[in-house]
Amino acid sequence: MKIDLTDTTASKINKALVEGRRAIGTPAVGMVLTMVIVTDEENAYDAIKAAEEASHEHPSRTLVVIKRHARQRDRTNSRLDAEVRVGSEAGAGETVVLRTYGEVSDHAGSVVLPLLLPDAPVVVWWPVDAPEAPAKDSLGALAQRRITDLYAVDNPLRVLDTRARTYAPGDTDLAWTRLTPWRSMLAAALDQARVKVTSAAVEAEADNPSAELLARWLEARLHVKVDRVVSEGPVVTAVRLGTETGEIVIDRPEGPLATLTLPGQPPRTLALKVRPTSELIAEELRRLDADEMYAVALTGEAPKENA
């Protein structure tokens with residue numbers, strides 16, 4: 001069910017949500033969080049689709065903020081339009097698409113605040129055009145978790161360094177989330193080999209942010225210099241860990257399969273596919289506390305031990 005509202009207010013949107021739930025026979029609210037997506041018209045469809053797929057695992061109220069004519073300072077053009085979706089139109093939760101015009105775009109936090117689920121965590125996701133300091137953004141300040149994506153910027157390595165300087169607990173990036181299978185396999189391989197790593201290399205396409213995060217994480221955890229080797233891609237293609245008994249290698253030149261090689265053992269074939277955005281978002285929503293390992297990967301420094 002869809003309800004379109006033109007030149008509306010937060011109270012009218014909340015009323016439309018209640019009416020929509022009643023109309024489809026589901027007045028009870030069973031959602032566990034509020035997800036705020038800040039995007040543009042071009043990327044809105046894919047972002048909403050990913051959030052709706054993730055909502056089957058994490059039922060949520062999704063608020064999509066699309067800023068229109070943000071540079072317009074004519075008060076007569078300032079307004080808020082909304083599209084309320086409930087039932088089958090909104091996955092396992094409910095979705096509100098907010099289009100802000102004129103000066104309203106400068107106060108998106110005030111627009112979103114009355115629409116947040118009470119006593120529920122808030123996650124903000126910027127599929128594109130994330131602020132330099134997400135925690136200091138008016139919307140980011142409302143959230144326990146702030147998700148960005150270095151794959152969506154023109155110079156990801158420069159932006160990565162900026163994110164390292166502005167990092168706040170609760171920040172994370174999908175370039176890091178994409179590495180979860182790689183990190184799991186590397187940890188399992190080192191548990192099996194039980195040898196000291198003396199050298200390391202990460203092979204990937206040029207300027208790949210996931211590869212840089214992986215290299216920084218390995219340097220901090222293994223205390224060795226990690227070489228960055230440019231390959232034809234796509235994305236990360238191999239990790240090589242040198243030991244006294246031989247190399248530990250995870251090699252994925254292309255496709256969803258990788259080869260794991262351990263010293264003195266035959267190669268094994270492992271599943272290592274490139275995951276869709278919906279799976280990445282679903283993974284991020286499973287934990288809403290600070291991701292210490294992402295902070296380690298950003299700064300390249302091991303976490304401080306508790307006294």
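Arg 286 is exposed in this predicted model, because its relative accessible area is 52%, and anything over 50% counts as exposed. Its partner in a salt bridge is Glu 57, with nitrogen and oxygen 2.6 Å apart. Glu 57 is partly exposed, at 41% relative accessibility. What does this pair tie together? Arg 286 sits in the loop between helix 8 (277-284) and helix 9 (292-299), while Glu 57 sits in the loop between helix 2 (41-54) and strand 3 (60-68), so the salt bridge links parts that are 229 residues apart in sequence.

**More salt bridges**

How many salt bridges does the structure hold? There are 22 of them. Here are three, including the one you have just met.

| Pair | N to O distance |
|---|---|
| Arg 286 and Glu 57 | 2.6 Å |
| Arg 61 and Glu 94 | 2.7 Å |
| Asp 161 and Arg 216 | 2.7 Å |

Take Arg 61 and Glu 94, which form a salt bridge. Arg 61 belongs to strand 3 and Glu 94 to strand 5 (residues 94-101), so this pair ties together parts that are 33 residues apart in sequence. Are these two residues buried or exposed? Both Arg 61 and Glu 94 are buried.

Now look at Asp 161 and Arg 216, which also form a salt bridge. Asp 161 lies in helix 4 (residues 156-166) and Arg 216 in helix 7 (residues 209-222), so the parts they connect are 55 residues apart in sequence. Asp 161 is partly exposed, with a relative accessible area of 33%, whereas Arg 216 is buried, with a value of 14%. Both residues also belong to a network of salt bridges that links Asp 161, Glu 212, Arg 216, Glu 219 and Arg 228.

**The sheet of 8 strands**

Next come the sheets. Strands of a sheet pair through backbone hydrogen bonds, and the pairing can be parallel or antiparallel. In one open sheet, 8 strands follow the order 1-4-5-3-2-6-7-8, and the pairing is mixed. Which strands stand at the edges? They are strand 1 (2-5) and strand 8 (171-173); each has a single partner strand, so one side of each has no neighbour in the sheet. On average, neighbouring strands here are turned by 15° against each other, direction ignored.

Strand 3 and strand 5, which hold Arg 61 and Glu 94, run parallel and are joined by 8 bridges. Within this pairing, Val 64 stands opposite Val 97 in strand 5. Helix 1 (residues 10-23) packs on the sheet and touches strand 1, strand 3, strand 4 (79-86) and strand 5. The direction of helix 1 makes about 15° with that of strand 4.

**The sheet of 6 strands**

Another open sheet has 6 strands in the order 10-9-11-12-13-14, again with mixed pairing. Strand 10 (226-230) and strand 14 (268-271) are its edges, each with a single partner strand, so one side of each is left without a neighbour in the sheet. Neighbouring strands are turned by 20° against each other on average, direction ignored.

How do strand 11 (residues 236-243) and strand 12 (residues 246-251) run, parallel or antiparallel? They run antiparallel, and 6 bridges join them. Val 239, for example, has Ile 250 in strand 12 as its bridge partner. Helix 6 (residues 180-193) packs on this sheet, touching strand 9 (197-204), strand 11, strand 12, strand 13 (257-261) and strand 14. The direction of helix 6 makes about 20° with that of strand 11. Helix 7, the home of Arg 216, lies across strand 9, strand 10 and strand 11, and runs at about 160° to strand 10.

**Two helices and a buried leucine**

Helix 2 and helix 8 pack with their axes 8 Å apart, at an angle of about 55°. That angle makes helix 2 oblique to helix 8, and their crossing is right-handed. Where the two meet, helix 2 brings Ala 50, Glu 53 and Ala 54, and helix 8 brings Thr 277, Ser 278, Ile 281 and Ala 282.

Finally, find Leu 174 in helix 5 (residues 174-177). Leu 174 is buried, because its relative accessibility is 0%. Leaving aside neighbours within four places in sequence, the residues in contact with Leu 174 include Trp 125, Ile 147, Thr 277 and Ile 281. Leu 80, by contrast, is 94 residues from Leu 174 along the chain, and their C-alpha atoms are separated by 30 Å.

Methods: Residues are numbered from 1 along each chain as its sequence is written. This is a predicted model: local features need pLDDT of at least 70, side-chain atom pairs count only at pLDDT 80 or more; totals for chains, interfaces and linings use all residues. Side-chain values use heavy atoms; hydrogens and water are left out. A salt bridge is a side-chain nitrogen of Lys or Arg within 4 Å of a carboxyl oxygen of Asp or Glu. Helices (H or I, at least four residues) and strands (E, at least two) are DSSP runs, numbered from the N terminus. Buried means under 20% relative accessible area, exposed over 50%, partly exposed in between (1.4 Å probe, protein chains only). Two strands pair if DSSP finds at least two bridges between them. Axes are lines fitted to C-alpha atoms, for helices over the stretch in contact, and angles run from 0 to 180 degrees between N-to-C directions. Contact means heavy atoms within 4.5 Å. Angles under 35 degrees count as roughly parallel, over 145 as roughly antiparallel, 65 to 115 as roughly perpendicular and the rest as oblique. A crossing is left-handed if the near helix is turned anticlockwise from the far one by less than a right angle, and right-handed if clockwise.
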